[in-house]
Amino acid sequence: MEEIFSAVALRYPDWADAPYISAKAKGSVAKRLVEIADENDVPVVENAEMANVLSMQSVGSFIPESTYEAIATIFAFVIKLDEANS
């Protein structure tokens, strides 16, 4: 059975205590969400397991505490990439 592609967008504004889910999608809409991110130079990290976990949450909700460590690792990776490309 083919796995359904999921995409979840996160935001972590200065005022927030944790990142929150700003968008999520599955299938062709998820692929378009990734395309839009790429077109706008928004970093994309492929992690199907994390996308599946986060896609169970509502848009606008903070990420679950159980994902803090994994998401922190992803954010640190993105920041390092951004600094390397600056």
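Select Phe62 to begin the tour of this predicted model. At 40% relative accessibility, Phe62 counts as partly exposed, because values between the 20% limit for buried and the 50% limit for exposed fall in that class.

Next, turn to the aromatic rings. The structure holds three aromatic pairs. Display Tyr12 together with Phe75: the ring centres are 5.9 Å apart and the planes stand at 75°, so this pair is edge-to-face. The two residues belong to distant parts of the chain, 63 residues apart. Tyr12 is found in the loop between strand 1 (6–11) and strand 2 (20–26), whereas Phe75 is in helix 3. Colouring by accessibility shows Tyr12 as partly exposed, at 43%. Phe75 also counts as partly exposed, with a relative accessibility of 25%.

Now return to Phe62 and add Tyr20 to the selection. These two residues form an aromatic pair that is edge-to-face, with 6.4 Å from centre to centre and 85° between the planes. Tyr20 lies in strand 2 and Phe62 in the loop between helix 2 (48–54) and helix 3, so the pair ties together parts of the chain that are 42 residues apart in sequence. Is Tyr20 buried or exposed? Tyr20 is buried, since its relative accessible area is 17%, and buried means under 20%. Add Trp15 to the view as well: Trp15, Tyr20 and Phe62 form one aromatic cluster.

Keep to the loop between helix 2 and helix 3, and select Thr67, which lies there. At 4% relative accessibility, Thr67 counts as buried. Which residues is Thr67 in contact with, leaving aside its neighbours within four places in sequence? They are Met50, Val53 and Leu54.

Then move to helix 3, which covers residues 68–85, and select Leu81 within this helix. The relative accessibility of Leu81 is 42%, and the residue therefore counts as partly exposed. Add Val45 and Phe77 to the selection and show the surface. Together with Leu81, these residues make a nonpolar surface patch of about 260 Å².

For the last stop, select Phe5 and Lys31. Where does Lys31 lie with respect to Phe5? Lys31 lies over the face of Phe5, at 6.0 Å from the ring centre.

Technical notes:
Residues numbered from 1 in each chain as written. Predicted model: local features only at pLDDT ≥ 70, side-chain atom pairs only at ≥ 80, totals over all residues. Heavy atoms only, no water. Patch = residues over 30% accessible without salt bridge, like charges linked within 9 Å, V, L, I, M, F, W, Y side chains within 5 Å. Areas by Shrake-Rupley, 256 points an atom, 1.4 Å probe, with all protein chains shown as cover. Salt bridge = Lys/Arg side-chain N within 4 Å of Asp/Glu carboxyl O. Helix = DSSP H or I, 4+ residues; strand = E, 2+ residues; numbered from the N terminus. Buried < 20%, exposed > 50% of the residue type's maximum accessible area, 1.4 Å probe, protein only. Phe/Tyr/Trp six-rings, centres within 6.5 Å; stacked < 30°, edge-to-face > 60°. Lys NZ or Arg CZ within 6 Å of the ring centre and 35° of its normal. Contact = heavy atoms within 4.5 Å.
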